[in-house]
Amino acid sequence: MDVEASIEEGFMVNVSKKSIVKSITPLEDPPQVLSLSNLDLLSGRFPVTYFYFYRKPANDGGNFASIVEALKSSLAVTLSYFYPFAGRILSNLSTGEPEIVCDNTGALLLEADAISDLKKLDFRDINQFMQGKLVHIQPDFPVQVQVTKYTCGGISLTFSFDHALGDATAFHRFLLSWSEISRNVPISCRPDHSRNLRARIPPTYHPSLDQAFLKCTMEDILNIPTPKTLLKRLYHVEYESINKLQKLASSDGRSRTKIEAFSAYLWKMMVRAIDVKFHATCKMGWLVDGRRRMRNGESDPSPDYIGNVLSLAVGEASIAELKNGTIADVSSKVHEAISKVTTRSHFLDLIDWIECHRPGLMLARVVLGQGGPTLVVSSGRRFPVAELDFGFGRPVLGTVCSTIEKIGVGYVNQRASARGDGSWTLSAILWPELAAAFDSDPIIQPMSTRYLQL
C-alpha cells in the first residue's frame, strides 16, 4: 500500500491508495491530438482545485471502500464523454505549444484518511487544506481526485484540473455530468470538444488590448511582485446582505446585478487596505465567460463547449472616488468596465491578439502585478454546489481555490452556498492588509461550521 502522511497544525491526512481511472471507451490508434485554442493558451497551465465536503453518508454502513469504488466506476464512464480529461498535456515538438494527447492515460484518484472530525476543522483557513493535505498536484495527470474520509464518517472530494483543459464552465459540465452518472440520471450536457476558437484571416484587434494583455516570459512570472504572505480564506455572506447591497446599487434607478453591487462594496473596502501614500488609484477585474456573448457565428462556442472562453475586464478608480462615492456610484463604474468586454467583437479581437503574439506565454497585465493594487472577482453563481450529489448525499460546502503561489492580484470567487437559501460562499486569495479588512467587515463573515449545517 502506498502511504503518505502530511501533518500540519494538528490536521493529519494519510494517503492510503492511488489508482488510475481510465475511460471505458477503447483507445483510438493513433490517439487523437487536440490543439489548444488561442483562449486556452491565454489561460495558462496552473491547477484549479474544487473542494466539496459531505456529512457522513446515511446509508453506507461505514463502507468507505464501496463509495470509492462507485466513484471510480462512474468516473470511468464520465471520461468516455470527456475523453480529453483522460489524456496528457504535452508540448508540440514543432511549435513548443501545449496540446492534449487523448491517449486515455487516465485520471489519478487518491484515497485518504483525515485524523480529524469535520466539525473541528477551521474552514476559514484554506491554506490548511492545500498542497500535501487535500491536494496533491502531480503534473502528469491533468485531472486528479482525492477522496478523504474523516473520523466522524464525513467525506471530502477534491477535484484538481489543469487550466488548459478548460475554465469553470467546462469543469462545471464535467462535475455535474459525473454526479448525474453516479446517480444513474441522464447527463444534461453533450460536451463539445471542437476547440475551434481560431483567429480571423488576417487577424486584427483593437489597440486597447495591447494595454490590457502582454506577452511575457517565465522569468516575468517568477518575479511577480507578491507579498511574502498570500492568505487563502473562506467567507460566508448572508442573502439579506446581498439583497440590501443590490438595492443600494440600484437606488439611482438603474438596475444592477448582485455581483455588480457586491463588487462595488469590495472596491470601496479595498481603500482600507491600500497605502494611499504610494497609490492614488486602485483597480478591480472581473472574469467574463464568452459563451453567452459569442452565439452569432457558425464557429462560436456552444453552451457545452469544453475549453477556455474567458477574458478579463478591468476598471480603475481613484481612492477619492471610492471613498466618497455611494454604492450606486461605484456600481456604475463596475457595470461600465464589465460592459466593455461582454461583446462578441471583444472576444474575436482577443483571439486575434493572441494569434499575433504566439508562440509564448501571455497574461493580463494586472495578473503580473503591473498597474497597482488590483482585486479580481470571479462569479461562480451558475457553478453546481448543492447539485453535486454522487449518490451519498448533498454537500455542506463547495468552493474553489488554487495551489498557485505567485499571483500579482487579490482574488475573490463567489458562488452559491450549499444551503440553497441565497447566501454565498466566498473563496479569496488576499494580501494581509486586505484579509484584515475582510475579517473586520460586518457583512463578510469568516466561514465556520455554523454556516455549514454540520
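Which residue forms a salt bridge with glutamate 238? In this predicted model, the partner is arginine 419, and the closest N and O atoms of the two are 3.0 Å apart. The pair links distant parts of the chain, 181 residues apart. Arginine 419 sits in the loop between strand 17 (410–416) and strand 18 (424–430), while glutamate 238 belongs to the loop between strand 11 (231–237) and helix 6 (239–249). Both ends are partly exposed: arginine 419 has a relative accessibility of 22%, and glutamate 238 one of 26%.

That contact has company, for the count of salt bridges comes to 18. Side chains of opposite charge can pair when their charged atoms come close. A good one to look at next joins arginine 200 and aspartate 349, with 2.8 Å from N to O. Arginine 200 is in the loop between helix 3 and helix 4 (209–212) and aspartate 349 is in helix 10 (residues 344–357), so this salt bridge ties together parts that lie 149 residues apart in sequence. Here the two ends are covered to unlike degrees. Arginine 200 is partly exposed, at 31% relative accessible area, whereas aspartate 349 is buried, at 17%; the cut-off for buried is under 20%.

Now try a pair that spans a shorter stretch of sequence. Lysine 333 forms a salt bridge with glutamate 321, and their closest N and O atoms are 3.1 Å apart. Since lysine 333 lies in helix 9 (residues 327–339) and glutamate 321 in helix 8 (residues 319–324), the pair ties together parts twelve residues apart in sequence. Lysine 333, with a relative accessible area of 30%, is partly exposed, and so is glutamate 321, at 37%. Elsewhere, Glu69, Lys72 and Glu111 are joined into one network by salt bridges that share partners.

Let us turn to the helices. Helix 3 covers residues 168–182 and has 15 residues. From its first C-alpha to its last, helix 3 reaches 21 Å, close to the 21 Å expected at 1.5 Å a residue. Because 14 of its 15 residues are buried, helix 3 is largely enclosed by the rest of the structure. Asparagine 184 follows helix 3, and its phi is positive, near 55 degrees.

Helix 7 (residues 258–270) can be read in the same manner. Its 13 residues reach 18 Å from the first C-alpha to the last, close to the 18 Å expected. Eleven of these 13 residues are buried, so helix 7 too is largely enclosed by the rest of the structure. The buried residues include Phe262, Tyr265, Leu266 and Trp267, as well as Glu260 and Ser263.

For a sheet, look at strands 3, 6 and 5, which form an open sheet in the order 3-6-5 with antiparallel pairing. Strand 3 (32–35) and strand 5 (88–91) stand at the edges with a single partner strand each, so one side of each has no neighbour in the sheet. From one strand to the next, the twist averages 35 degrees. Strand 5 pairs with strand 6 (residues 98–102) over four bridges in the antiparallel sense. Leucine 90 stands opposite glutamate 99 of strand 6.

Finally, come out to the surface. Met218, Leu222 and Leu361 make a nonpolar surface patch of about 280 Å². Methionine 218 lies in helix 5 (residues 218–222), and this residue is partly exposed, with a relative accessible area of 48%.

How values were computed: Residues numbered from 1 in each chain as written. Predicted model: local features only at pLDDT ≥ 70, side-chain atom pairs only at ≥ 80, totals over all residues. Heavy atoms only, no water. Helix = DSSP H or I, 4+ residues; strand = E, 2+ residues; numbered from the N terminus. Expected span 1.5 Å × (residues − 1). Buried < 20%, exposed > 50% of the residue type's maximum accessible area, 1.4 Å probe, protein only. Patch = residues over 30% accessible without salt bridge, like charges linked within 9 Å, V, L, I, M, F, W, Y side chains within 5 Å. Areas by Shrake-Rupley, 256 points an atom, 1.4 Å probe, with all protein chains shown as cover. Salt bridge = Lys/Arg side-chain N within 4 Å of Asp/Glu carboxyl O. Pairing = 2+ DSSP bridges. Axes fitted to C-alpha atoms, helices over the stretch in contact; angles between N-to-C directions.
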